[in-house]
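Hi everyone, thanks for coming. I'd like to walk you through one part of a protein today, so please have the picture ready on your screens.

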Amino acid sequence: MRSPGPWRRRHLGTDADRATFRTLHSASLASPALRAGLTADSAGKAIRHLRALLGTPALALTDTHELLAWDGTGDHHAGQVDRLARETVERGATRVVVRDDLPCDEGSCPVRTAVVTPLVADERIVGTLQVFSPSHTAGLARAAEEVASWVSGQLDLAELDASRTRAMEAEVRALRAQISPHFIYNSLGAIASFVRTDPDRARELLLEFADFTRYSFRSHGDYTTLAEELRSVERYLLLEQARFGDRLQVTLRIAPEVLPVAVPFLCVQPLVENAVRHGLAGSASVGHISIHAQDRGHECVIEVEDDGIGEDPEKVRRALAGDAASDSVGLGNVDSRLRNAYGDEFGLVVETAPGAGTKVTVRVPKFAPGVHA
């Protein structure tokens, strides 16, 4: 067999290339767990990969006062970790722990010194990284600080994700509070009007109302499928047609291939409610509303249009900016959640003018990181 030639040896990479690959690979394995925040579970999943980055006999991760995970030899030192964490948090800086502060009766134990460095998220210390080794070197201290800095960056991203989730949950709660007064009482009034004249229809409308409210006030998930969102919209429109009768005309044109697309919860229904309100407001004539969902390459495009009284574009601009005085139900709320989920290029597009009706366009990617129903 011929020995590999010079080209093959170069193709495998230098020692530095391989070391770089191993470092990046270990970091990529630790990252997903850390993006969940600093907990016993995430620390347990990440710590082995962090120890591989540093190549030390043992490593510990703590919160501000107690051990979350230990990896490596010398685990009889784990009982000393809590004290080291508290002392380092109080000091607020990296410290080197010498042998006298790590008492040990095992002569063969490789744990003789430690570098303890704070982990920082959202500008506050949330824990420590503790690196144990046979001897202390300046290089090990620098490496420990670099790894701690990288871990802190992942924890910052986790905090950002959590803050975004909390903000979206708060916006959904605000939207529910804004929608319900406009709709629930009118729906119950419409149902009551059929109790004597058409009991079967009243019963059917009550079931639709129950399903609508169950969906709108559910307590789990920031996202849903477009199919589920449109089913709720259909229930909403059935209830509004019971109220307005033939004055409300609806056209739906939905491409079947976009029905499984994940969309922010309650991102279409508020737009339809606006269309109903503005399409029929102040007029005894028939109002037409159309809802279209189309497949456009990597995106799903949803359009809600009415032929009603239209709106001053400046008022719409203020509504999208979150003006609480606006009577456009949830317009700014939906726009904000779309931008938070997909980026600023996916905000609402509103085309309107007084007397010219209103058309609202929603674009969502079919696939986006972190977005799933």
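Let's begin with one pair of residues: glutamate 303 stands opposite threonine 361, which belongs to strand β12. Before we build on that, please keep in mind that this is a predicted model. So how confident was the predictor? The mean pLDDT of the protein is 84, and 84% of its residues reach 70 or more. Among the elements, β10 has the highest mean pLDDT, 95, while helix α1, residues 6–11, has the lowest, 48. That is good news for us, as β10 is the strand I want to talk about.

Now let's look around that strand. On one side, β10 is joined by 8 bridges to β12, residues 358–365, and the two run antiparallel. There is also a partnership with β9, residues 287–296: β9 and β10 pair in the antiparallel sense, again over 8 bridges. Go back to glutamate 303 for a second. Histidine 292 stands opposite this glutamate in β10, and threonine 361 in β12 stands opposite the glutamate too.

β9 and β10 form a hairpin with 2 residues between the strands. If you find glycine 297 there, you'll see that this glycine takes a positive phi near 65 degrees.

Let's zoom out to the whole sheet. Which strands does it contain, and in what order? There are 5 of them, in the order β7-β9-β10-β12-β11, forming an open sheet with mixed pairing. At the edges sit β7, residues 248–254, and β11, residues 349–352, each of which pairs on one side only. Ignoring direction, neighbouring strands of this sheet are turned by 10 degrees against each other on average. Over at the β11 edge, 4 bridges join β11 to β12, and these strands run antiparallel. There you can find valine 350 opposite valine 360 of β12.

Here is something to check as you rotate the model: is β10 mostly covered or mostly open? The strand, residues 299–306, is mostly covered, with 7 of its 8 residues buried. For the protein as a whole, 46% of the 373 residues count as buried.

Next door in β9 we find serine 290. Why does serine 290 count as buried? The cut-off for buried is under 20% relative accessible area, and serine 290 counts as buried because its relative accessibility is 14%. Leaving out residues up to four places away in sequence, serine 290 touches Thr251, Glu303, Val304 and Glu305. So our glutamate turns up once more, as one of the residues that serine 290 touches.

My last stop is the cysteines. The structure holds 0 disulfides. As a reminder, a disulfide is a covalent bond between the sulfur atoms of two cysteines. Take cysteine 267: the closest cysteine sulfur is in cysteine 300, and because it is 8.8 Å away, it is too far for a bond. Both of these cysteines are buried: cysteine 267 has a relative accessible area of 1%, and cysteine 300 has a relative accessibility of 0%.

To finish, here is the wider view. The protein has 10 helices and 12 strands. Of its contacts with a separation of 6 or more, 65% come from residues 24 or more positions apart. The protein exposes about 19100 Å², and carbon and sulfur atoms supply 52% of that. Thanks for listening!

Terms used: Residues are numbered from 1 along each chain as its sequence is written. This is a predicted model: local features need pLDDT of at least 70, side-chain atom pairs count only at pLDDT 80 or more; totals for chains, interfaces and linings use all residues. Side-chain values use heavy atoms; hydrogens and water are left out. Buried means under 20% relative accessible area, exposed over 50%, partly exposed in between (1.4 Å probe, protein chains only). Two strands pair if DSSP finds at least two bridges between them. Axes are lines fitted to C-alpha atoms, for helices over the stretch in contact, and angles run from 0 to 180 degrees between N-to-C directions. Contact means heavy atoms within 4.5 Å. Accessible areas come from the Shrake-Rupley method with a 1.4 Å probe; for residues, only the protein chains shown count as cover. A disulfide is a pair of cysteine sulfur atoms within 2.5 Å. pLDDT is the predictor's confidence in each residue, from 0 to 100.
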